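Got the model open in your viewer? Set it to cartoon, keep the selection box handy, and follow along stop by stop.

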Amino acid sequence: MRAGLKRLSPWIIGMLALVLLAGCGGRDKESFTIFIMDKQGDASIIRDELAQKLKDKLGEQAPAIEIAVSPLYNQQKLVVEYAAGENDLFILPEEDMKLYGQNGSNLPLDDAFDKKTYARGVFEGGVFKEKEQGEKGTDMLEETHLYGIPVEQMKMFKDLKYNSKTLFATVPPRTSNKEEAIKVLKALTE
């Protein structure tokens, strides 16, 4: 009997995980989600204060700010978060931002921020281009743009005394609202 349970337990655990994952999703379009993962610290210590500061700065017209923090660095978790497409802004280590950026996972920020001021966030990355009749294509070009803003240059993080030299904020292409993402980035920076 015990041997039968041992064989069944991985299957039961797998099915339970599948059921739990099936219940996830259904992104709330009225909120704005920031995902933070740091190799050198636990950003959960600033989560509530950061959310409150953003709410205060953005005012009543802003969407509800949700901040998801991974207390430990985990490459697989980061892959899942990018693939799920439920985050509007990522704050992650520089090497991860650049790695994902090679595959078109960061939007260019040149139109909203000065490339010279945030020179560390300028690199060659993938940008998806539309085909001729406006249809979305899979054509990805390598272009140099400002893809990330260094956290060490963000006023709000300085005020919270969370000044990681390795973290960058970047906007994924699947953000629910690019204009809102830029507005939040500016609130973090100014």
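Colour the chain from the N terminus on and the elements come up as α-β-α-β-α-β-α-β-β-β-α-β-α. That makes six helices and seven strands, where helices (H or I, at least four residues) and strands (E, at least two) are DSSP runs, numbered from the N terminus. Before clicking further, note that this is a predicted model: local features need pLDDT of at least 70, side-chain atom pairs count only at pLDDT 80 or more, and totals for chains, interfaces and linings use all residues. Residues are numbered from 1 along each chain as its sequence is written, and side-chain values use heavy atoms, with hydrogens and water left out.

**The whole chain**

Switch on the surface. The accessible surface of the protein is about 11,100 Å², and 55% of that belongs to carbon and sulfur atoms; these areas come from the Shrake-Rupley method with a 1.4 Å probe, and for residues only the protein chains shown count as cover. Of the 190 residues, 40% are buried, meaning under 20% relative accessible area, against over 50% for exposed and partly exposed in between (1.4 Å probe, protein chains only). Take the contacts between residues at least 6 apart in sequence: 70% of them join residues at least 24 apart, with contact meaning heavy atoms within 4.5 Å.

**The sheet**

Now select the strands. Five of them form an open sheet with mixed pairing, in the order S2-S1-S3-S7-S6; two strands pair if DSSP finds at least two bridges between them. The edges are S2 (64–70) and S6 (149–150), each pairing on one side only.

Zoom in on S3 (residues 89–93). Five of its five residues are buried, so S3 is largely enclosed by the rest of the structure. S1 and S3 pair in the parallel sense over three bridges, and Ile36 stands opposite Ile91 in S3. Toward S7 (residues 167–170), S3 runs antiparallel, joined by four bridges. Ile91 has Ala169 as its bridge partner in S7, while Pro93 stands opposite Leu167 in S7.

Stay on S7 and show side chains. Which residues cover its two faces? Leu167 and Ala169 sit on one side, Phe168 and Thr170 on the other, and all are buried. S7 also pairs with S6 in the antiparallel sense, over two bridges; there, Ala169 is the bridge partner of Ile149.

**Over the sheet, and into the core**

Next, pick H2 (residues 47–58). H2 lies across S1 (31–37) and S2, running at about 155° to S2; axes are lines fitted to C-alpha atoms, for helices over the stretch in contact, and angles run from 0 to 180 degrees between N-to-C directions.

Show Ile34, Leu50, Leu54, Phe157, Val184, Leu185 and Leu188 as sticks: these have the most contacts inside the largest nonpolar core, which has 35 residues. A nonpolar core here is a set of buried Ala, Val, Leu, Ile, Met, Phe, Trp, Tyr and Cys residues joined through side-chain atoms within 4.5 Å. S1, H2, S2, S3, H5 (155–159), S7 and H6 (178–189) each supply at least two of its residues, and the largest share, six residues, comes from H6. Click Phe157: beyond residues up to four places away in sequence, Phe157 touches Ile46, Leu50, Ile91, Val151, Tyr162 and Leu188.

**The second core**

A separate core of twelve residues includes Phe35, Met97, Val127 and Phe168. Start with Phe35, which lies in strand S1. Is Phe35 buried or exposed? At 1% relative accessibility, Phe35 counts as buried. Leaving out residues up to four places away in sequence, Phe35 touches Ala68, Ser70, Lys77, Leu78, Glu81, Asn87, Leu89, Phe90 and Ile91. Try the distance tool on Phe35 and Ala68: their C-alpha atoms are separated by 4.8 Å, though these positions lie 33 residues apart in chain numbering terms, that is, they are 33 residues apart along the chain.

Hop to Glu81, in helix H3 (residues 75–84). Glu81 is buried too, with a relative accessible area of 15%. With residues up to four places away in sequence not counted, Glu81 touches Phe35, Glu86, Asn87 and Phe90.

**Last stop: H4**

Select H4 (residues 94–101), whose buried residues are Glu94, Asp96, Met97, Tyr100 and Gly101. Look down the axis: they fall within an arc of 165°, so they line one face of the helix. The arc is that of the directions from the helix axis to the C-beta atoms.
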